[in-house]
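Trainee: Could you walk me through this one and show me how each label is earned?

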Amino acid sequence: VKKVRTHHLRELKERGEPWPMLTAYDMYTAELFDEAGIPVLLVGDSASNNVYGYDTSLPVTVDELIPLVRGVTRSVKRSLVVADLPFGSYQVSVEQAVATAVRFMKEGRAHAVKLEGGRHFAPHIRAIVNAGIPVMAHIGFTPQSEHQLGGYRVQGRNDAFDAVVADAHAVQEAGAFAVVLEMVTAEVAKQITHDLSIPTVGIGAGPDTDAQVLVWQDLMGLRRGKAPKFVKRYANIADVMLGAAQEFAAEVRGHQFPGPEHTFH
Ligand code: KIV
Ligand code: NA
């Protein structure tokens, strides 16, 4: 089995072949998505609101994320595993950013790290790359800055177009191997994808990025309720799981489970 490396992703871009990326936070999802041929798995800080039950991505800590990263990296054969640096673990200083990235590599056994920020985080990206750690950047709408950005809003409209493009150039220049574009207009995503030699990974960024990423609980329909416009639901596993739990409960209450075939003598 050939491991996915960052240069393979760049080769896919050069060949014009779009590639998929998914979040994963545990062993079975990592095994399945690896088997499905998803080249890049992200242990996102979205674990904050998809695993740990917080209401935003801000509260989750490095100590909460590292065990999830370790579970995912232990479970893949081929996929490249990217660990997200959570809020507060890299913004304080370039030194803090390198130290946190090192922890995710040593303790989490990650293959790369991701952080949010463009021009203002170019020094952080450069320093982590110089430490021998591949960095995926994340620009456009950056959820860790939701309070600063005034909520979930599409970035890159009108006057903000050039700012997002400048962020993209800055992260490439700083040595990032790829860049996530979140909730930006399709127009700005297309421009950036054309300009950059590193792959762009879109989430709510239209059809023209080099790759597409979604949070797995959104795509599988485990998270219920109204999903953002950019989510497509490919399955409805919430209903499958709810049905199974209800059936188990009913069979226990009805003395139907366990049956003779589940019983030792
Ligand atoms: O944390 C996350 O899941 C992410 C992706 C949505 C890009 O950052
Ligand atoms: Na994230």
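**A helix, a strand and two domains**

Mentor: Sure, starting here: α8 is followed by Gly175, whose phi is positive, near 110°. This is a predicted model, where local features need pLDDT of at least 70, side-chain atom pairs count only at pLDDT 80 or more, and totals for chains, interfaces and linings use all residues. Residues are numbered from 1 along each chain as its sequence is written, while chains are lettered from A and ligands numbered from 1 in the order in which they are written.

Trainee: How do you know that the span of helix α8 agrees with what it should be?

Mentor: Helices are DSSP runs of H or I, at least four residues, strands are runs of E, at least two, and both are numbered from the N terminus. The expected span is 1.5 Å times one less than the number of residues. Helix α8 (residues 161–173) has 13 residues, so it should span 18 Å, and its end C-alpha atoms are 19 Å apart, which agrees.

Trainee: Why is Asp84 called buried?

Mentor: Buried means 20 or more other C-beta atoms within 10 Å of its own, exposed means 12 or fewer, and partly exposed is in between; C-beta atoms are placed from the backbone. Asp84 has 29 such neighbours, so it counts as buried. Asp84 sits in strand β3 (residues 80–84).

Trainee: Which residues of α8 are buried?

Mentor: Val164, Asp167, Ala168, Ala170, Val171 and Gln172.

Trainee: What makes domain 1 and domain 2 separate entries?

Mentor: The bounds come from an automatic or database domain assignment, which gives domain 1 as 6–234 and domain 2 as 237–265. Their C-alpha centres lie 39 Å apart.
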